[in-house]
Amino acid sequence: MSEHRHRPLWAGRVAALLGIALVALTLRQVVAAVSPILGEIRVDIPMSNIGVGLLGTLPPILLAAFGFIAPYVARGIGLDGGIVLALLLLWE
């Protein structure tokens with residue numbers, strides 16, 4: 001007989017919470033990435049103040065929109081397939 005070591009229930013929950021916190025901290029950089037370089041963007045691409053405002057709000061809006069789409073992708077191709085699809089879309 002093989003003995004299975006059982007981990008306590010809280011161990012899995014702590015790991016999941018830590019993973020969620022790390023992902024949240026990583027995504028925060030994506031949302032705030034446009035603001036520090038707006039001056040340089042305006043030098044290269046002439047924009048009105050409204051255009052700059054829309055450019056600054058675009059990352060949070062897209063993050064929210066894809067947050068609504070993610071469950072449908074997960075149901076359609078599964079979590080693993082969704083992660084692979086996201087990585088392929090990010091690949092430069």
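Helices here are DSSP runs of at least four residues, numbered from the N terminus. With that in hand, the predicted model can be walked through piece by piece. Arg 42, for a start, sits in helix 2, the stretch covering residues 38-44.

Overall, the chain is built from three helices and zero strands. Read from the N terminus, the order of elements is simply α-α-α. The C-alpha trace stretches over about 70 × 30 × 25 Å along its principal axes. That fits with the radius of gyration: a compact globule of 92 residues would come out near 12 Å, but this chain has 20 Å.

What share of the 92 residues is buried? Buried residues make up 7% of the chain. The accessible surface adds up to about 8,400 Å², and carbon and sulfur atoms account for 72% of that. As for charge, the chain carries 6 positive and 5 negative ones, and the mean positions of the two groups lie 15 Å apart.

Back to helix 2 and Arg 42. Is this residue buried or exposed? Neither, as it turns out: because its relative accessibility is 35%, Arg 42 counts as partly exposed. The cut-offs behind that label are under 20% for buried and over 50% for exposed, with partly exposed in between. Arg 42 and Val 52 are 10 residues apart along the chain, and 8.0 Å separates their C-alpha atoms.

Next comes helix 3, which runs over residues 49-90 and includes Ile 69. Gly 53 belongs to helix 3 too. With a relative accessible area of 35%, Gly 53 is partly exposed. Its C-alpha atom is 44 Å from that of Trp 10, a residue 43 positions away along the chain.

Leu 55 is another member of helix 3. Its relative accessibility is 23%, so Leu 55 falls in the partly exposed class. Between the C-alpha atoms of Leu 55 and Ser 35 there is a gap of 9.1 Å, with their positions 20 residues apart in the chain.

Further along helix 3 sits Ala 74. Why does Ala 74 count as partly exposed? The reason is its relative accessibility of 27%, because partly exposed covers the range between the 20% and 50% cut-offs. Ala 74 and Leu 88 are 14 residues apart in sequence, and their C-alpha atoms are 15 Å apart in space.

Finally, there is a nonpolar patch on the surface, and Ile 69 is one of its members. The others named in the patch are Leu 58, Leu 62, Phe 66 and Phe 68. Together, the five side-by-side names in that list, Ile 69 included, offer about 520 Å² of accessible area. Ile 69 itself is partly exposed, because its relative accessibility is 40%. A residue needs over 30% relative accessible area to join a patch, so Ile 69 passes that cut-off.

Technical notes:
Residues are numbered from 1 along each chain as its sequence is written. This is a predicted model: local features need pLDDT of at least 70, side-chain atom pairs count only at pLDDT 80 or more; totals for chains, interfaces and linings use all residues. Side-chain values use heavy atoms; hydrogens and water are left out. Patches are made of residues with over 30% relative accessible area and no salt bridge: like charges are joined within 9 Å, nonpolar side chains (Val, Leu, Ile, Met, Phe, Trp, Tyr) within 5 Å. Accessible areas come from the Shrake-Rupley method with a 1.4 Å probe; for residues, only the protein chains shown count as cover. A salt bridge is a side-chain nitrogen of Lys or Arg within 4 Å of a carboxyl oxygen of Asp or Glu. Helices (H or I, at least four residues) and strands (E, at least two) are DSSP runs, numbered from the N terminus. Buried means under 20% relative accessible area, exposed over 50%, partly exposed in between (1.4 Å probe, protein chains only). The radius of gyration is taken over C-alpha atoms; the globule rule is 2.2 Å times the number of residues to the power 0.38. Lys and Arg count as positive and Asp and Glu as negative; His and the chain ends are not counted. The place of a charge is taken as NZ of Lys, CZ of Arg, CG of Asp or CD of Glu.
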